[in-house]
Structures are given as structure tokens and as C-alpha cells.
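Q: I'd like a close look at one spot in the backbone of this protein, please. Start there, and then walk me outwards to the parts around it and to the way the helices pack.

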Amino acid sequence: MKTPALFKEYIWLVNTIYQAGKVSLAQINEKWLHTEMSGGVELARTTFNRHKDAIEDIFGIIIECDKRDGFKYYIANKSVLREDTIQNWMLSSMTVHTAVQEGVSLQERVLLEDIPSGYKYLQPILEAMKLNRCISITYQKYNDAEIKTYHAAEPYCLKLYKQRWYLLTKVSQQFWTLSLDRIKSLDVSENTFQLDKDFDAEAFFHDYYGVFRGKDSHPQEVVIRATKDERPYLRDLPLHHSQKEIATTADYSDFSYYLSPSNDFIGEILRKKNRLYVISPLELREKVHQYIKEMGKNYEE
């Protein structure tokens, strides 16, 4: 299915303004006339204003005009375009989709990550969330023969993490995080629920790394040392929003975090091999060390 022409224009307009920082309508039109979408016709101010309103309605991206700086337009809420937001995910997905459609030759040159079959449950879950309807889920964990059923589950939010969709649901006043690709069946009930008034999905996961909180894990300061070869990667793509570079030498940098050091976080440290290791707290350092020793046993003859 091709991306509708209007959506292509919305995507182009957001990307143009975002990349420019601030840009006048005349400058926008200068760029616009170099696109095939323009057909050689300028973007009228009325059309631009309609696009601006539609972009806010669809993506939640607010475009405002700074009259004191030559009537230049800018993204007023740039925070919605940070890497972990739904707006950024939608925009980047549609940008790639549109670009690939524009050139058949690109279809074999743009490689995407696969998202498992749980995708098929996205629509009914989103509908249930929209209407505040309870759902019934049959679910089977990896390496577990038992199939569990969650009755009258209240779908609170969805989170995409490392190619998998996860559902945060509340059952009998207890929160559960379920992977959509492990769902065996799902039914949307006619029964409704009341979302907690003070629930904030971003705040709920604020001190997490990944999607699961360890049973005995609690938010704390963690200090990680990165080698000189690894630190540029952390500077460009922080492990967590709380990351701060607190010490720098010629050979390494130390980064501090405030988070709950769950198994997801430990797994990320181990994935970096000898380029990343724990300085503190001691308990976490020893835990990672124990994992490394156990991994080493797998290679002993």
C-alpha cells in the first residue's frame, strides 16, 4: 500500500523544519520546489497552515512561528522526537517507507529488523486501550510448559524494546509485563476498567532499563567504565536517559546512571564484552563477575 500523498508532504515538512532548526516559509518553498511532490508549484501559505495543523493532530508535533526572528518556523516540542517516543518511531518508519517506495532500487538496499508475530495483537490491544476495555490473554513464557490465562486484564500501555512489543497490564491490582509474541490468544471483553488517574507510562518505566524490573531490584546509582573505543558510542547513544559522563581520561571514561539494574541492564553490559564494566555498586559488580565466571565454564573442557 502506497503512502498517501498528503502523508508524504507531512513527513517531508517535519523533517525539513526539524533539520533546519528554524526556517522561513520562503526557505521551505525553496527546498519544496526541488522535490517531485511540488510539481513546480509553491506551497501556499494556506496549504502550509493546513499541513501544520494536521501534523499536530496526527503526530502531536507542534510547529510554531518565531515572529521576532524573521517569522521562522520551528518544532516547539522537540522532546517528542527523541528516540524513545511514538512520534519519532512513526515518523522514522514512514520516512523510510516513503523513500523506499519512491525508488524500487532501494528496496533491496534498505534492510530493516524483523518484529516477531506478536504484531498481529497490536490492533486489538490498541482498540482495548482506546476504549478502556478489559482483555483475556492466554500466555506462555519461554522455557515454560505452563500456559497461563490472565482474565479481566487491564491494558495500560505498550512498549517497543529490542524488536519486541510488550504490554503492561494490570490484573487484580498487580502489574504484569507480557511479550506480545508469547501470547497464544487474546479476546477483548465488553467489560471496561478505569485507568488510574495518576498513571504515567513514561514515569512507570523511568528507572527501568528495558521492560522488566527485577524482584529485588531498586533504583540506585550505577557507575560504568567504558574504554576509549567504547565511550564515543555511549556519548552518541546513551544506555539510559540518566547517563552522565563523570570522569574522563586518555584510556577510559566513567558514566553514572540512576536506574534499577535488572537482568536486561546486566545483559547489555555483558554484550559489550571487555569494553564496558561495572565500577559500582559492589553488589552489581560481583553479580556481573559471577555471570562471567559461569559463562567461562561453558568453554572449559
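A: Let's start with A152, which sits in strand β5, the stretch covering residues 148–161. Please keep in mind that you are looking at a predicted model, so each value here is computed from predicted coordinates. What makes A152 worth a stop is its phi, which is near 50 degrees and thus positive, in a residue that is not glycine. As background, most residues other than glycine have a negative phi, and most peptide bonds are trans.

A152 has company in this respect. S172 also has a positive phi, about 50 degrees, and is not a glycine either. While A152 belongs to a strand, S172 lies in the loop that links β6 (164–171) with β7 (174–179). S172 counts as exposed because its relative accessibility is 72%, and the cut-off for exposed is over 50%.

The background remark also mentioned peptide bonds, and there is one to look at here. The bond leading from S280 to P281 is cis, its omega being near 5 degrees. P281 is in the loop between β12 (276–280) and α9 (282–297). We will come back to α9 below.

Now step from the S172 loop into β6, the strand that holds L168. Is L168 buried or exposed? Its relative accessible area is 2%, so L168 is buried, the limit for that class being under 20%. Part of its setting comes from β5, the strand of A152: the C-alpha atoms of L168 and P155 are 6.3 Å apart, with their positions 13 residues apart along the chain. If you set aside neighbours within four places in sequence, L168 is in contact with E154, P155, Y156 and C157, then with F175, W176 and T177, and also with F199, F204 and F205.

For a contrast, try K244 in strand β10 (residues 244–248). K244 is at 56% relative accessibility and therefore counts as exposed. With the same sequence neighbours left out, its contacts are D254, F255 and S256. V223 is 21 residues from K244 along the chain, and their C-alpha atoms are separated by 9.4 Å.

Cysteines are often on a biochemist's list, so here are two of them. C134 is buried, since its relative accessible area is 8%. C65, at 27%, counts as partly exposed. The structure has 0 disulfides.

Next come the helices, beginning with α9, which follows the loop of P281. Helix α8 (residues 263–271) and α9 cross at roughly 60 degrees, and their axes come within 11 Å. That angle makes the two helices oblique to each other, and the crossing is right-handed. On the α8 side the contact uses N263, F265, I266 and L270, and on the α9 side L284, K287, V288, Y291, I292 and M295. Sorted by class, these are 8 nonpolar residues, 1 polar and 1 charged.

Towards the start of the chain, α1 (residues 5–20) packs with α2 (residues 25–32) at an angle of about 120 degrees, their axes 11 Å apart. This pair is therefore oblique as well, and α1 passes α2 in a right-handed crossing. E9, W12, L13, T16 and I17 of α1 touch I28, K31 and W32 of α2. That contact comprises 5 nonpolar, 1 polar and 2 charged residues.

α1 also packs with α3 (residues 45–59), here at about 90 degrees with the axes 10 Å apart. These two helices are therefore roughly perpendicular. From α1 come L6, F7, E9, Y10, L13, V14 and I17, which meet F48, H51, A54, I55, I58 and F59 of α3. By class this contact has 11 nonpolar residues, 1 polar and 1 charged. E9, L13 and I17 appear in both the contact with α2 and the contact with α3.

Finally, here is the whole chain around these parts. The protein has 9 helices and 12 strands. It has 301 residues, of which 39% count as buried; L168 is one of the buried ones. Of the contacts between residues at least 6 apart in sequence, 58% join residues at least 24 apart.

Note on methods
Residues are numbered from 1 along each chain as its sequence is written. This is a predicted model: local features need pLDDT of at least 70, side-chain atom pairs count only at pLDDT 80 or more; totals for chains, interfaces and linings use all residues. Side-chain values use heavy atoms; hydrogens and water are left out. Axes are lines fitted to C-alpha atoms, for helices over the stretch in contact, and angles run from 0 to 180 degrees between N-to-C directions. Helices (H or I, at least four residues) and strands (E, at least two) are DSSP runs, numbered from the N terminus. Angles under 35 degrees count as roughly parallel, over 145 as roughly antiparallel, 65 to 115 as roughly perpendicular and the rest as oblique. A crossing is left-handed if the near helix is turned anticlockwise from the far one by less than a right angle, and right-handed if clockwise. Contact means heavy atoms within 4.5 Å. Ala, Val, Leu, Ile, Met, Phe, Trp, Tyr, Cys and Pro count as nonpolar, Asp, Glu, Lys and Arg as charged, and the others, Gly among them, as polar. A disulfide is a pair of cysteine sulfur atoms within 2.5 Å. Buried means under 20% relative accessible area, exposed over 50%, partly exposed in between (1.4 Å probe, protein chains only).
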